[in-house]
Amino acid sequence: MDIHQTNRVTGLFLPWPGHREGAEAAHQRLAALIRAQINSRRLRSGDRLPPSRILAEELGVSRWVVTEAYDQLRAEGYLTARVGSGTIVAPGPAAPEPAPSADLEPARARPPVRFDLSPALPDLGSFPRPLWRGALTRALAEVGDDELGHPDPLGAPALRRTVATYLRRVRAIDTDPDRVLITQGVGSAVNELCAHLRASGARRVVVEDPSWPRLREIVRRQGLDVVPVGVDDGGLLVDLLVAADHEAPVAAVFAMPTHQFPTGVPLSAGRRRALLDWAAQRDAWIVEDDYDAEFRYDRHPVGAMASLGPERVIYLGSVSKTLSPSLHLGWMVVPAMLRPALADRRAGMPLVPTLDQLALAELVASGAYDRHLRRMRRHYRRRREALLAALVHATPGRAAPSMDAGLHVLWHLPPDTNEEAVVAGCRRAGLAVLGLGPCRVRSGGPGLVLGCANLPEHRAGDVAGVLAGLLGALPPGPHGSARPAAGPASGE
Ligand SMILES: Cc1ncc(COP(=O)(O)O)c(C=O)c1O
């Protein structure tokens, strides 16, 4: 009977057929098996083979069988023996490299990114490595064995307590840990909320226009219709939202009242009240994305809507801009009425590793997170000012009037500029930038949403120079995504 064995010592899987009457000699079969593994690239150049004694024990053969097989493969050039390193797969292409997958090919073909100006990025070089290492070490020292099982679907209790205290202090949100759920970030929370709304019978939700492009994608993927509502200097046009709801019911509005993305304006006090009144009357939800509220440079932070209407507002935040999007770590504060239904949906969902949650709890509770934010506020303010100054100095167009806040600059291009050609030119020149077109549902003037956090001050001039060169060289072209106007142009 065939037996397939895994080498328990090295983790090497060899489909070894075991004893066979009258078949070729065992050492030849073993050599053929290892040769096939190398040719099919399951074993690759530099991989170490188990010592002959151990492999012999695992396979239930004599040690001689293994050493004969290894000798044979060494003679053929498949294996080499190094003193002190044992037997390893020899360098050199034993088989051709597999063709790159369709997903990888375009990425390879793209010119390298010199400056990543994606608006959602913090300064990746300023990730507080020693602070995070310290927090992780403390978390590891203190975590109980019982907490090292599967993560709590609602989030680690210690982090939920810390987030509740933190939000009460810095955003005046009066919540208790019970209403805090840990998420994989704002995008994942939106996904979860949309799935819940759809399952409860909702059909339509309002999304600010313009907004971050992935938001509309997530909403649509959950089977909900996006109702775009424009934004002006006072933020979301709440009157238009109320009118849209009269046409057909709207279950929720996804808004950024503190610092609208990408326009950079806060929602006015009057519209906040109107939005809360509408939500209360219509039994609808306001989903508040408080994504970069930490980075306000001129005066005190704009208050969170969740502090005004905790029964109607679902509040979302994450560490994607304060620490790193790679952590995939965020939170939502949910109204008491919604909490049981959302908590029930969580079983089986992708969760954040417990140790990362505990490290964040440590970082916040120790005050290190506050200190990091204070440092980054000064850092980002300088970077934002440097990019704005360089653009104003060298680049045709104008900055959108916005608060002195956040990690990006919205730069309106001259009206007859072909935005797509500028974005493509930037990519060729090694600048990753987001066009304003993809942020919009309705058409409007061309523009660029330029992240400034990941760009050192002394490089701002280079970026402005590339843009100026591109804009000087391009023939006039269509506006942005050039879709027909279906309502008031937004975000201008
Ligand atoms: C305004 C805004 N909110 C939320 C997100 C997503 O946040 P997270 O990384 O926490 O999923 C992004 C970026 O993708 C964004 O630009």
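The following legends describe close-up views of a predicted model.

Local features require pLDDT of at least 70 and side-chain atom pairs pLDDT 80 or more, whereas totals for chains, interfaces and linings use all residues. Residues are numbered from 1 along each chain as its sequence is written, and side-chain values use heavy atoms, with hydrogens and water left out.

**View 1. The open sheet of eight strands.** The strand order is 6-13-12-11-10-7-8-9, with mixed pairing. Strand 6 (180–183) and strand 9 (235–236) are the edge strands, each pairing on one side only. Strands are DSSP runs (E, at least two residues) and helices likewise (H or I, at least four), numbered from the N terminus; two strands pair if DSSP finds at least two bridges between them.

**View 2. Strand 7 and its pairing with strand 8.** Six of the six residues of strand 7 (residues 204–209) are buried, that is, under 20% relative accessible area (exposed is over 50%, partly exposed in between; 1.4 Å probe, protein chains only). Arg-204, Val-206 and Glu-208 point one way, and Val-205, Val-207 and Asp-209 the other. Six bridges join strand 7 to strand 8 (residues 225–232) in the parallel sense. Within strand 8, Val-229 is the bridge partner of Glu-208, and Gly-230 that of Asp-209.

**View 3. A surface patch of positive charge.** The patch gathers Arg-371, Arg-374, Arg-375 and Arg-378. Patch residues have over 30% relative accessible area (Shrake-Rupley method, 1.4 Å probe, only the protein chains shown counting as cover) and no salt bridge (a side-chain nitrogen of Lys or Arg within 4 Å of a carboxyl oxygen of Asp or Glu). Like charges are joined within 9 Å, with the charge of Arg placed at CZ. Arg-375 lies in helix 13 (residues 368–394) and counts as partly exposed because its relative accessibility is 43%.

Key:
Patch = residues over 30% accessible without salt bridge, like charges linked within 9 Å, V, L, I, M, F, W, Y side chains within 5 Å. Lys, Arg positive; Asp, Glu negative; His and termini not counted.
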